[in-house]
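Thank you all for making the time this morning. I would like to walk you through a structure that is new to most of us, and I will take it one part after another.

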Amino acid sequence: RSLNLNAIQTMAKSGRDGIWVALENGGLDRLDIATGNFQHNVYDPNNPTGLNNNSIWAVLEDRAGTLWAGTFAGGINVAKRNSEAIRTYRSVPGDNQSLSVNSVLGFAQDSSGNVWVATDGGGVNRFDVATGKFSRFTSKTSALNVDAVLAVAAEAGGAVWLGTWAGGVTRFDPHANTFTTFTSKNSNLPDDNIFGMHVDRQ
């Protein structure tokens, strides 16, 4: 089976033998590297435990094998290893421990196992795997300079790096609860729109 659609948003490693491919309006495909075949996962209105949206903008398979799929407007779809049932996390009005907004652009898992969620307009969220609750970090509730967070990456030591739209790069130290921002005005960063982040081995 071939790729469902050619409009690829992002990709992520799946175990030792696969790659998750997030598609715009095409759901989520998994490539089996050994066979070269794709498994399609798409929204089905008759399946209440399946994907709730076909526009997948972010994907992560965490260290426990749990799949995290971030959507354009459907929040987060989460599936445990070896399970086809999906749990959805969405923004709930009046609940500050829910996802801040439903447009999700990136994921990163920190050294404590918690998952950081980059959102389009809702800053960055931290999902506590022990409590199942979200903590929100926005321009209103923290020193984050902008709320359009396009990318997120986590250091082994716990710090989290954020790539933003028009706000440069921000390093958040959760231990000290401090934000340090680097822009084209205060550093040699060439542009303030950051679409991807990666922490290297150094």
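Let me begin with a small question to look at while the picture is up: which residue takes a positive phi in the hairpin of strand 9 and strand 10? It is Gly-113, whose phi lies near 95 degrees, and the hairpin in which it sits has five residues between the strands. Before I go further, please keep in mind that this is a predicted model, and that what I say about it is computed from that model.

Let me now step back to the chain as a whole. The protein chain has zero helices and 16 strands, and the C-alpha trace spans about 50 × 40 × 30 Å along its principal axes. For 202 residues, a compact globule would have a radius of gyration near 17 Å, and since the protein chain has 17 Å, the value agrees with that expectation. Of those 202 residues, 45% count as buried, while the accessible surface comes to about 10,700 Å², with 48% of it belonging to carbon and sulfur atoms. If we take the contacts with a separation of 6 or more, residues 24 or more positions apart account for 39% of them.

With that overview in mind, I would like to return to the sheet that holds our hairpin. It is an open sheet of four strands in the order 9-10-11-12, and the pairing is antiparallel. Its edge strands, each of which pairs on one side only, are strand 9, residues 104-109, and strand 12, residues 133-137. On average, and with direction ignored, neighbouring strands of this sheet are turned by 25 degrees against each other. As a reminder for anyone new to these terms, strands of a sheet pair through backbone hydrogen bonds, and they may do so either parallel or antiparallel.

Is strand 9 mostly covered or mostly open? It is mostly covered, with six of its six residues buried. Strand 9 pairs with strand 10, residues 115-119, in the antiparallel sense over five bridges, and within that pairing Phe-107 has Val-117 in strand 10 as its bridge partner. At the other end of the strand order, five bridges join strand 11, residues 124-128, to strand 12, and these two strands run antiparallel; here Arg-126 stands opposite Ser-135 in strand 12.

The next part is another open sheet of four strands, with the order 1-2-3-4 and antiparallel pairing. In this case the edge strands are strand 1 and strand 4, the latter covering residues 37-41, and each of them pairs on one side only. Between the edges, strand 2 and strand 3 pair in the antiparallel sense over six bridges, and Gly-18 finds its bridge partner in Asp-32 of strand 3.

That brings me to the charged side chains, and to a question: how many salt bridges does a search of the whole structure find? It finds two. In one of them, the side chains of Arg-30 and Asp-17 meet at 2.9 Å, N to O. This pair links distant parts of the chain, with Arg-30 in strand 3, residues 27-32, and Asp-17 in the loop between strand 1 and strand 2, 13 residues apart. Arg-30 counts as buried because its relative accessible area is 17%, which is under 20%, whereas Asp-17, with a relative accessible area of 40%, is partly exposed.

In the other salt bridge, the side chains of Arg-171 and Glu-155 meet at 3.5 Å, N to O. This pair also links distant parts of the chain, with Arg-171 in strand 15, residues 169-173, and Glu-155 in the loop between strand 13 and strand 14, 16 residues apart. Arg-171 is partly exposed at 27% relative accessibility, and Glu-155 is partly exposed as well, with a relative accessible area of 22%.

Finally, I would like to point out one residue, Glu-61, which is found in strand 5, residues 56-61. Which residues does Glu-61 contact once its neighbours within four places in sequence are left aside? They are Lys-13, Ser-14, Gly-15, Trp-20 and Thr-66. Glu-61 and Asn-77 are 16 residues apart in sequence, and in space they lie 12 Å apart, C-alpha to C-alpha.

Definitions and conventions:
Residues numbered from 1 in each chain as written. Predicted model: local features only at pLDDT ≥ 70, side-chain atom pairs only at ≥ 80, totals over all residues. Heavy atoms only, no water. Pairing = 2+ DSSP bridges. Axes fitted to C-alpha atoms, helices over the stretch in contact; angles between N-to-C directions. Salt bridge = Lys/Arg side-chain N within 4 Å of Asp/Glu carboxyl O. Buried < 20%, exposed > 50% of the residue type's maximum accessible area, 1.4 Å probe, protein only. Rg over C-alpha atoms; globule rule 2.2 N^0.38 Å. Contact = heavy atoms within 4.5 Å. Areas by Shrake-Rupley, 256 points an atom, 1.4 Å probe, with all protein chains shown as cover.
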